[in-house]
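Here is a short set of exercises to work through with the model open beside you. Try each task before reading its solution.

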Number of protein chains: 4
Amino acid sequence: MVVRAAVAGASGYAGGELLRLLLVHPGIEIGALTGNSNAGQRLGALQPHLLPLADRVLEETTAEVLAGHDVVFLALPHGQSAAVAEQLGPDVLVVDMGADFRLKDPADWERFYGSAHAGTWPYGLPELPGARAALEGSKRIAVPGCYPTAVTLALVPAYTAGLAENEAVVVAASGTSGAGKAPKAHLLGSEVMGSMSPYGVGGGHRHTPEMIQNLGAAAGGPVTVSFTPTLAPMSRGILATCSAKARPGTTAESVRAAYEKAYADEPFVHLLPEGQWPATASVHGSNAVQVQVAYDAAAGRIIAISAIDNLTKGTAGGAVQSMNIALGLDEGTGLSTIGVAP
Amino acid sequence: MVVRAAVAGASGYAGGELLRLLLVHPGIEIGALTGNSNAGQRLGALQPHLLPLADRVLEETTAEVLAGHDVVFLALPHGQSAAVAEQLGPDVLVVDMGADFRLKDPADWERFYGSAHAGTWPYGLPELPGARAALEGSKRIAVPGCYPTAVTLALVPAYTAGLAENEAVVVAASGTSGAGKAPKAHLLGSEVMGSMSPYGVGGGHRHTPEMIQNLGAAAGGPVTVSFTPTLAPMSRGILATCSAKARPGTTAESVRAAYEKAYADEPFVHLLPEGQWPATASVHGSNAVQVQVAYDAAAGRIIAISAIDNLTKGTAGGAVQSMNIALGLDEGTGLSTIGVAP
Amino acid sequence: MVVRAAVAGASGYAGGELLRLLLVHPGIEIGALTGNSNAGQRLGALQPHLLPLADRVLEETTAEVLAGHDVVFLALPHGQSAAVAEQLGPDVLVVDMGADFRLKDPADWERFYGSAHAGTWPYGLPELPGARAALEGSKRIAVPGCYPTAVTLALVPAYTAGLAENEAVVVAASGTSGAGKAPKAHLLGSEVMGSMSPYGVGGGHRHTPEMIQNLGAAAGGPVTVSFTPTLAPMSRGILATCSAKARPGTTAESVRAAYEKAYADEPFVHLLPEGQWPATASVHGSNAVQVQVAYDAAAGRIIAISAIDNLTKGTAGGAVQSMNIALGLDEGTGLSTIGVAP
Amino acid sequence: MVVRAAVAGASGYAGGELLRLLLVHPGIEIGALTGNSNAGQRLGALQPHLLPLADRVLEETTAEVLAGHDVVFLALPHGQSAAVAEQLGPDVLVVDMGADFRLKDPADWERFYGSAHAGTWPYGLPELPGARAALEGSKRIAVPGCYPTAVTLALVPAYTAGLAENEAVVVAASGTSGAGKAPKAHLLGSEVMGSMSPYGVGGGHRHTPEMIQNLGAAAGGPVTVSFTPTLAPMSRGILATCSAKARPGTTAESVRAAYEKAYADEPFVHLLPEGQWPATASVHGSNAVQVQVAYDAAAGRIIAISAIDNLTKGTAGGAVQSMNIALGLDEGTGLSTIGVAP
């Protein structure tokens, strides 16, 4: 059986990464590719690294173009997915790589995105408790945000094991591709090379409520998250440095044991050996997550650090992983744990 | 009056940056330059950016070579400054750019550096309360570490104003020059470009006790600091993302007022207008510090972020600033608040 | 006497670099600053590295605003300088950092810029024979292009000494700031980091006729130039790798002697010692030019390589250097030969 | 049939890239991995991006360890391959990724490498005329150098079609991984970020005779090559800007036709559509080669530019491609034309 997949938003970074992965996925045939202002252009001019698709031409994002596919990936600006999804019918697997269907609390959505809440779909982070069951056979998938993917995988074991107080502090550095391909002055190479800078400081980043939602579920109660994203001079990768106050009785051993248990059988999440620390270069282009954890007894905090590729595990790879589950394929089909380094 | 200055350790990054600054300092005449394994080599081969000094030749680091100068800067590996300083006599201004004389508690020194404590000299961070008075006329100066400079300036106003609880969480990203010029595989360009990675996680970094010392003095009692340094793909710069739990009654206004008061008259520390955030590129090659602060009411934390050039304000510029005070010169002589950007 | 200078186009990279230099120029007082779409904004928001000017507000680029200054720098898009210059009167020193007045042959201008030729002003590359005399006391200066600055200084000694045939091949790598601050997708950090790419291949780059003009003058006859610019993953710097077929009788010694003679007394052009090669990092933020030359006997070519900072010696530093000559100041006033490295 | 492959030199960049490719090659089973000073270490500590091999331990490079494999890849320092190859027997396919067996003229080898010539093996650049026939069934393969791969593929069509005079000028920019993983001060991230610099100028680079050999074969007579390599601030990629004087009668159309004919059926070499230029980012991690060509009528030169990944098509991918031919597999098995971008 060959599954035909369409990609709405094929000219951006998320769409390009998705196509890179689908091209080597043995069960997928790439169908329609759509773009907004780029409709009519050759993909070779927009995504020159995707040589096998160079002569494909982008179409308009319409229901007619997207019809007749088994899977439709939506790599659209926030707030545009619901209208497209409605037209696709209940039998089509719709994978939303935007934020529209991630948040459970409509108030969160409205506060951070400023529009009416579209709903909630099964959440595509298979490593969370219960997530795989919700994804199996589902016809709708909400792909997590890139920062929440990194932060959730770093901190959930500490909460699940009851080791951490319900207050987390997260500082994450992201490559510039996370900010997208629309040209903006502060994202010019001249501006970002040689510079580190924060943004969305003080709780304002839209991924904050998604982290709170995930960590709260693991903790069994409300968790506060102080989240500061920073822009790093690299194209890809997120390094999430997360910490939480340790509960009384926590030891280095209990922390390590919790993480070993959590990730012993996960195909994509690798707890590094003691003494080795994550590096984004090691997961460049890979769906793997490097995790390491320490207990700082003097400061009384658990420090958990994860590295992902924001476009792969953080977006398109996570989407394919969840699609595989939904379609009943092996979860790792078409995905790699091998980074492109140096 | 011309002040003659010698630089011990002129071939490394700290020494090179110091020479870059001394070359434009109107009151300094550059005297002897020494190196370790590099003695006998032309500076032009080692520091090709310092064209006016290209034909100077490095000498051995001996008491004879360093004799006859008014100021001697020590840019030596940790633990080597005391032996050299002893030979220089009490009338020579000795500025130690290493760690040897920063820590007050011998136990801290021994735990983090593994050798006998050499003592404590006046601490060269003029922006701290009382620091300028201690530096005036002093013949010994301990230049702060680069990370402690960034972190202390970010957090001290919150502690001085009584707004923060005594537990701070710091994640800082540093350019690779902070790791020095000795060739190591993990510092190769191939390894660091495109990668973010942490090191010294869990309280092990040697700059941790220095931060605790500074913040504790401001808080009037012991402060815990969870400090995670990360290596960023850039040559220079530190972005320090610092936070502390807010005390009851804290508001965005009280936080901003504390920082405005603290830095209103500081020549090098600039509290940015609201809505603008620090970027290391803006202080590249400059002695300026960009600071911004936010209050995250939902998380109950004060977020203070600073950007410095690790080699300038973080090392050599800080050294010159304190030297100026010790010599009775205007504090900003030879120093710039203008960055080289983009 | 204090000279008052206005800068038209203060929000771009050339304007920002010029202000960085003027801020430390002892004979200049910075007057009006103008921008196009940015009029009314604080300079601190647009050029955050220029802290001493942070509170200055950009004005419109009008004759009224620019009136009353001794010097007016024009950092405007190509083709806009003539109209502004006409309104400034013959007693004002006008320094055009655009291309409008560089080319002598109207046909060249029309072919490469597509509009009517505005004229030719004294050419601001003091190192060329006769250039200083033409600049002294002049009220109009055409600042050279960044690539022509690097290429001309690399090759002119070979032509002046009669060592090279009249055909040059140039491949130059430029930092992204040379492409300006207007946001374009191919200049995003995500696109340029980790990538080298050419543009304007095959003779199409607008700086080609300027190189031909300069080298032809040195050779005393027409010179062909094959010029390929490439975009490098760095913010600043040009490395120009230039070669020309050697005339019969050329030797390594005759080549070196020609370059030593040419640059023995130049304050900003440094012929490196044999065995050392230029690096753009060494001239970062500096007005210096590093030059090195080799004779490849097997290939029969002279290889001359130069490194400059495209924004300093390549644009704003070159402008200040020529302004100094025009005003009768010491040529190096306010300029540095010290790079900011690493 | 499963082919067992050993890799001698698995801890370096070439060895790591080879393992990245072999891990996804459907016909290969990875056998012994050896290192020099790294024997006894876990691969996970040396090549953390190769997660599936993290627990493999490096062995000594001995005949015993390498025995019993169908293919042995040698990623050793220059001059060490012959001694190892002799011990492996004539039935083992030995793929030398070093320079030892590339050059036909012993005098070239001795002049550039300073030791006795080991011999010449079939040359692993399948795109050259006659190369595939020589590789089929061969038990020895000499993998080309990275620069010669890029330059040869850029210029050979011009020579084969008789369009170019026998003198080529090449300026190539390489990522730092081409310089290897041994720590050296000039390769530190602090030194290479933000800098472009040349090396081996004037004909001294060891890849020069290999280019001359390849281009001379295509031209049917001796070709001079002026080759200047430059180091670019990126980890991977080579951009080769090549030009040659055009023979009389050359036109833009004849040039394009020659390249279209040469690469119409090549699986890995892609002549880009007119107006699009190669970028190293587009072939990051891919075995593809992007080529574009122009005719500069004013300068009378053909400009041919290629982009490759120096570690993939330039080393390990080229090795796998030739191995496939030697083993009778489909030439593209296990190789990709999809880059990892941005």
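**Exercise 1. How many residue pairs are in polar contact between chain A and chain B, with both at pLDDT 80 or more?**

Some ground rules will help. This is a predicted model, in which local features need pLDDT of at least 70, side-chain atom pairs count only at pLDDT 80 or more, and totals for chains, interfaces and linings use all residues. Residues are numbered from 1 along each chain as its sequence is written, chains are lettered from A and ligands numbered from 1 in the order in which they are written, and side-chain values use heavy atoms, with hydrogens and water left out.

Step 1. Apply the rule: a polar contact is a pair of N or O atoms within 3.5 Å; within protein, one must be able to donate a hydrogen and the other to accept it, and residues adjacent in sequence count only if both atoms are side-chain atoms. Between chain A and chain B this gives 8 residue pairs.

Step 2. Look for salt bridges (a side-chain nitrogen of Lys or Arg within 4 Å of a carboxyl oxygen of Asp or Glu). Across the interface of chain A and chain B there are 0.

Step 3. Find the elements involved, taking helices (H or I, at least four residues) and strands (E, at least two) as DSSP runs numbered from the N terminus. On the side of chain A that touches chain B, β6, α8, β7, β8, β9, β11 and β12 of chain A each supply at least two residues. The most comes from β8(A), with 5 residues.

**Exercise 2. Describe the extent of the interface between chain A and chain B, then do likewise for chain D and chain B.**

Step 1. Count contacts (heavy atoms within 4.5 Å). For the first interface, 40 residues of chain A touch 40 residues of chain B.

Step 2. Turn to buried area, the accessible area (1.4 Å probe) that two parts lose on being put together, summed over both. Chains A and B bury about 3100 Å² between them, with 67% of it on carbon and sulfur atoms. Within chain A, the residues losing the most area to chain B are A:M196, A:P198 and A:V201, together 17% of what that side buries.

Step 3. Now take the other interface. Here 19 residues of chain D are in contact with 19 residues of chain B, and the two chains bury about 1400 Å², 59% of it on carbon and sulfur atoms. D:L188, D:S190 and D:M193 supply 40% of the area that chain D buries against chain B, more than any other three residues.

Step 4. Add the polar side. Chains D and B have 10 residue pairs in polar contact, both at pLDDT 80 or more, and 0 salt bridges across their interface. Helix α8 (residues 189-192) of chain D gives the largest share of the side that touches chain B, 4 residues.

**Exercise 3. Find the aromatic pairs and classify two of them.**

Step 1. Rings of Phe, Tyr and Trp (its six-membered ring) pair if their centres lie within 6.5 Å; planes under 30 degrees apart count as stacked, over 60 as edge-to-face and the rest as tilted. Over all chains there are 12 aromatic pairs.

Step 2. A:W109 and A:Y113 are stacked, because their ring centres are 4.0 Å apart and their planes at 10°. These two residues are 4 residues apart in helix α5 (residues 106-113) of chain A, so about one helical turn separates them. Both A:W109 and A:Y113 are buried (under 20% relative accessible area, with exposed over 50% and partly exposed in between; 1.4 Å probe, protein chains only).

Step 3. D:Y147 and D:F227 are edge-to-face, at 5.0 Å centre to centre and 70° between the planes. D:Y147 belongs to helix α7 (residues 146-160) of chain D and D:F227 to strand β8 (residues 224-231) of chain D, so the pair ties together parts 80 residues apart in sequence. D:Y147 and D:F227 are both buried.

**Exercise 4. Place a salt bridge of chain A and one of chain B in their surroundings.**

Step 1. Over all chains the count is 56 salt bridges. A:R247 and A:E165 form one of them, at 3.7 Å from N to O.

Step 2. A:R247 lies in the loop between β9 and α10 (252-263) of chain A and A:E165 in strand β6 of chain A, 82 residues apart. A:R247 is partly exposed at 31% relative accessibility, and A:E165 is partly exposed at 27%.

Step 3. In chain B, the side chains of B:R4 and B:E29 meet at 2.8 Å, N to O. The pair ties together strand β1 (residues 3-8) and strand β2 (residues 28-34) of chain B.
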